[in-house]
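Take a look at the fold below. Trace the chain slowly before you read on.

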Amino acid sequence: MIRKATWVDALAIASVHVESWKTTYSGIVPDAYLETLTVEEKQTLWEKVLRQSDHSVFVAEENGHVVGFISGGRNRASDGPAARYDGELYAVYLLKEAQGKGWGRRLVQALARDLAQKGIHSLVVWVLTDNPSRGFYERLGGEKVAEERVEIGGKALWERCYGWRDMQTMNE
């Protein structure tokens, strides 16, 4: 089941956030950085996010447990090619055991519908180039918009920006 997240989901979202970072980015992001991630810290972050009306957050539930989430809203980019898009997918994460079951696509579709109701019709997402799930965005029809270097845990990494000029193409 996909549903709009509420404040009480903050702990479950934080748990998925930390666990998925540790499984997805192991060997990409320095282990020392991954070891510093805590559910408590992310819970505080998600409690704040879920109180903000300008964020759209949805969760995927399997057997009554949150196995994934998505967050998005207005594009935070102020310049460059990514700034030409209205919205931004801020985060989408699934527990490893929930991947490959269609949850990611359904979460993206729920977010796209919600953002469209808010007048947002184009979207970008930034993804680490080494992320093994990067192909997910390509399969959804995302086109490469930009690349930039970022630093995580003292390591320089490349991020790729994917864009959809019309989010309706994500629902096909």
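This report goes through the sheet, the helices packed on it and one residue in a loop.

## The sheet

This is a predicted model. Its 7 strands form an open sheet. The order is β1-β2-β3-β4-β5-β7-β6, and the pairing is mixed. Strands in a sheet pair through backbone hydrogen bonds, either parallel or antiparallel.

Two strands sit at the edges: β1 (2–4) and β6 (143–152). Each of these pairs on one side only. On average, neighbouring strands of the sheet are turned by 25° against each other, direction ignored.

## The two edges

Start with β1. Strand β1 runs antiparallel to β2 (residues 56–62), and 3 bridges join them. Here K4 stands opposite F58 in β2.

Now go to β6. Strand β6 pairs with β7 (residues 155–164) in the antiparallel sense, over 9 bridges. Within this pair, E147 faces R160 in β7 as its opposite residue. The two strands form a hairpin with 2 residues between them. G153 lies in the turn and has a positive phi of about 60°.

## Helices on the sheet

Helix α1 (residues 10–24) packs on the sheet. Helix α1 touches β2, β3 (65–74), β4 (87–94) and β6. The direction of α1 makes about 90° with that of β3.

Helix α4 (residues 103–117) packs on the sheet too. Its contacts are with β1, β2, β3, β4 and β5 (123–128). The direction of α4 makes about 150° with that of β2.

## A closer look at α4

Does the length of α4 make sense, and what span should we expect? At 1.5 Å a residue, its 15 residues should span 21 Å. The end C-alpha atoms are 21 Å apart, so the two values agree.

Many residues of α4 can be checked for burial. Among the buried ones are W103, G104, L107, V108, L111 and L115. What covers the buried residues of α4 includes β1, β2, β3, β4, β5 and α5 (134–139). After α4 comes G119, with a positive phi near 85°.

## S122 in its loop

S122 lies in the loop between α4 and β5. Is S122 buried or exposed? Its relative accessibility is 7%, and the cut-off for buried is under 20%, so S122 counts as buried.

A polar atom of the S122 side chain lies 2.8 Å from the backbone nitrogen of D86. Beyond its neighbours within four places in sequence, S122 is in contact with R84, Y85, D86, G87, W164, R165 and M167.

Notes. Residues are numbered from 1 along each chain as its sequence is written. This is a predicted model: local features need pLDDT of at least 70, side-chain atom pairs count only at pLDDT 80 or more; totals for chains, interfaces and linings use all residues. Side-chain values use heavy atoms; hydrogens and water are left out. Two strands pair if DSSP finds at least two bridges between them. Helices (H or I, at least four residues) and strands (E, at least two) are DSSP runs, numbered from the N terminus. Axes are lines fitted to C-alpha atoms, for helices over the stretch in contact, and angles run from 0 to 180 degrees between N-to-C directions. Contact means heavy atoms within 4.5 Å. The expected span of a helix is 1.5 Å times one less than its number of residues. Buried means under 20% relative accessible area, exposed over 50%, partly exposed in between (1.4 Å probe, protein chains only). A polar contact is a pair of N or O atoms within 3.5 Å; within protein, one must be able to donate a hydrogen and the other to accept it, and residues adjacent in sequence count only if both atoms are side-chain atoms.
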